[in-house]
Amino acid sequence: MTAGLVVGRKGSGDTAAVSRVWERAEAEALYGLPFAELMFQAQRVHRENFDPNSIETASLCSIKTGGCPEDCGYCSQSAHYDTGVRAKGLLDRSEVLAAAKAAKDAGATRFCMAAAWRRPKDRDLDSVCEMVRAVKELGMETCVTLGMLTTKQAARLSEAGLDFYNHNVDTSPEFYGKIITTRTLQERIDTLSLVREAGIKVCCGGIIGMGERVEDRLGMLVLLANLGEPPESVPINLWNEVKGVPVNDTAERPDPIELVRLLATARIMMPKSVVRLSAGRQYMSDEAHALCFLAGANSIFIGDVLLTTKNLKVDRDTALLARLGIASALSQAQNGG
Ligand code: SAM
Ligand code: DTB
Ligand code: SF4
């Protein structure tokens, strides 16, 4: 499986609670099934665990943009590259709360607050905990992504009532070093373990379309599925083009059928996880979206922008979900609540 990486195990020592371990060959066998067979298996697993006619809607807010010391080769917010994104300080609680209210009115049920940090300072964490409390009071699910955490910081976020912590493995163990050098994959896995131990649900996934091979995409799924307990939430991002970053030299947009196969494989390997079709949806046709939902993707980000890049327009999402008969808080909001 994930050679050399130390991953947490659910309930350390509680072997009965440990989920199964996936081998890379098993993931490859699923991915390579005839399309109809793969889709049938994915749809069966999906129906056993979720309502197939309903998806979750989340909204992103960049609470601290740009100037990040990490060198993630895909990211507009890294201070290592000239991407045209201007660094800004941490937003005020009132600004974040206004954005959360707008997101709720627009039909989002989860509000994800992202900061371009390597790790948060304790002083900044105080502010983020206040934001989490305020957003929860609106009745929304909360998610934050702040980089690496200490045990104490994870405990404080948990006390504030945080529902999810997003921290992605991003890609396979083999491809990781070609994309990021300032933070190891093991450091990411350690943060994920701290988050779990603090009782916060894990949101963890990655990006495709950076020049990785299909084997790397499957290696990423194996890594995620074997994280002791699979993440409750799995974002799959298509790389959203950003000028000035190194990934431009290798990027290749995945064939849509390959994307659908990957999502179906993720659904089968992580049956109970919410799989989010994340960045890059503006590159996808309505038909590709429909197949991804059929494969088991059951969450999207709504809103015309993600953090610094474009998202599919809300009107197109509303029309698409209506055509597919898929229920969401977005359709409810558009129909006047
Ligand atoms: N700084 C925090 C961290 O890296 O943990 C949080 C913010 S970062 C924007 C969260 C994730 O968004 C990254 O791990 C990556 O998977 C995804 N991401 C960032 N830039 C992207 C892009 N241009 N296209 C697709 N996904 C991207
Ligand atoms: C994730 O996996 N995707 C979201 C969320 N986690 C924080 C971020 C997507 C960012 C896309 C690039 C941008 O807009 O800057
Ligand atoms: Fe910083 Fe996160 Fe962007 Fe990496 S992905 S450069 S850690 S903001």
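This note goes through the two ligand sites and one further pocket of a predicted model.

1. Ligand 1 sits in the largest cavity, and ligand 2 likewise sits in the largest cavity. The two ligands are taken in turn below, with the residues around each, the polar contacts and the covered area.

2. Around ligand 1 there are 18 residues, the closest being Ala-115, Thr-145, Asn-168, Asp-170 and Asn-240. Sorted by class, this shell holds 9 nonpolar, 7 polar and 2 charged residues.

3. Backbone and side-chain atoms both appear among the polar contacts of ligand 1: a polar backbone atom of Tyr-74 lies 3.4 Å from a nitrogen atom of the ligand, and a polar backbone atom of Ala-115 is 3.2 Å from a nitrogen atom of ligand 1. From the side-chain side, a polar atom of His-167 is 3.4 Å from an oxygen atom of ligand 1. On its own, ligand 1 has 560 Å² of accessible area, of which the protein covers 90%.

4. The surroundings of ligand 2 consist of Leu-60, Ser-76, Thr-145, Asn-166, Asn-168, Pro-235, Asn-237, Phe-301, Leu-306, Leu-307, Thr-308 and Thr-309. This shell comprises 5 nonpolar and 7 polar residues, with no charged residue in it. Thr-145 and Asn-168 belong to the shell of ligand 2 and are also listed among the closest residues to ligand 1, a point worth checking by eye in the structure above.

5. Three asparagine side chains make polar contacts with ligand 2. An N or O atom in the side chain of Asn-166 lies 3.2 Å from a nitrogen atom of the ligand, while a polar side-chain atom of Asn-168 is 2.8 Å from an oxygen atom of ligand 2. For Asn-237, too, a polar side-chain atom is found 2.8 Å from an oxygen atom of ligand 2. Of the 410 Å² that ligand 2 exposes when taken alone, 87% is buried by the protein.

6. Apart from the ligands, the second largest pocket also deserves a mention, with a volume of about 220 Å³. Its lining is made up of 13 residues, and those nearest the centre of the pocket are Pro-230, Met-269, Met-270, Pro-271 and Lys-272. By class, the lining of this second largest pocket divides into 8 nonpolar, 2 polar and 3 charged residues.

Terms used
Residues numbered from 1 in each chain as written. Chains lettered and ligands numbered in written order. Predicted model: local features only at pLDDT ≥ 70, side-chain atom pairs only at ≥ 80, totals over all residues. Heavy atoms only, no water. Near = heavy atom within 4 Å. Polar contact = N/O pair within 3.5 Å; in protein donor to acceptor, adjacent residues only side chain to side chain. Areas by Shrake-Rupley, 256 points an atom, 1.4 Å probe, with all protein chains shown as cover. 1 Å grid on protein atoms, 1.4 Å probe; cavity = no way out; pocket = protein on both sides within 12 Å on 5 of 7 lines; lining within 4 Å. Sits in = over half its atoms within 2 Å of the grid points. Nonpolar A, V, L, I, M, F, W, Y, C, P; charged D, E, K, R; others polar. Points joined across faces, edges and corners; volume = space filled by probe spheres on them.
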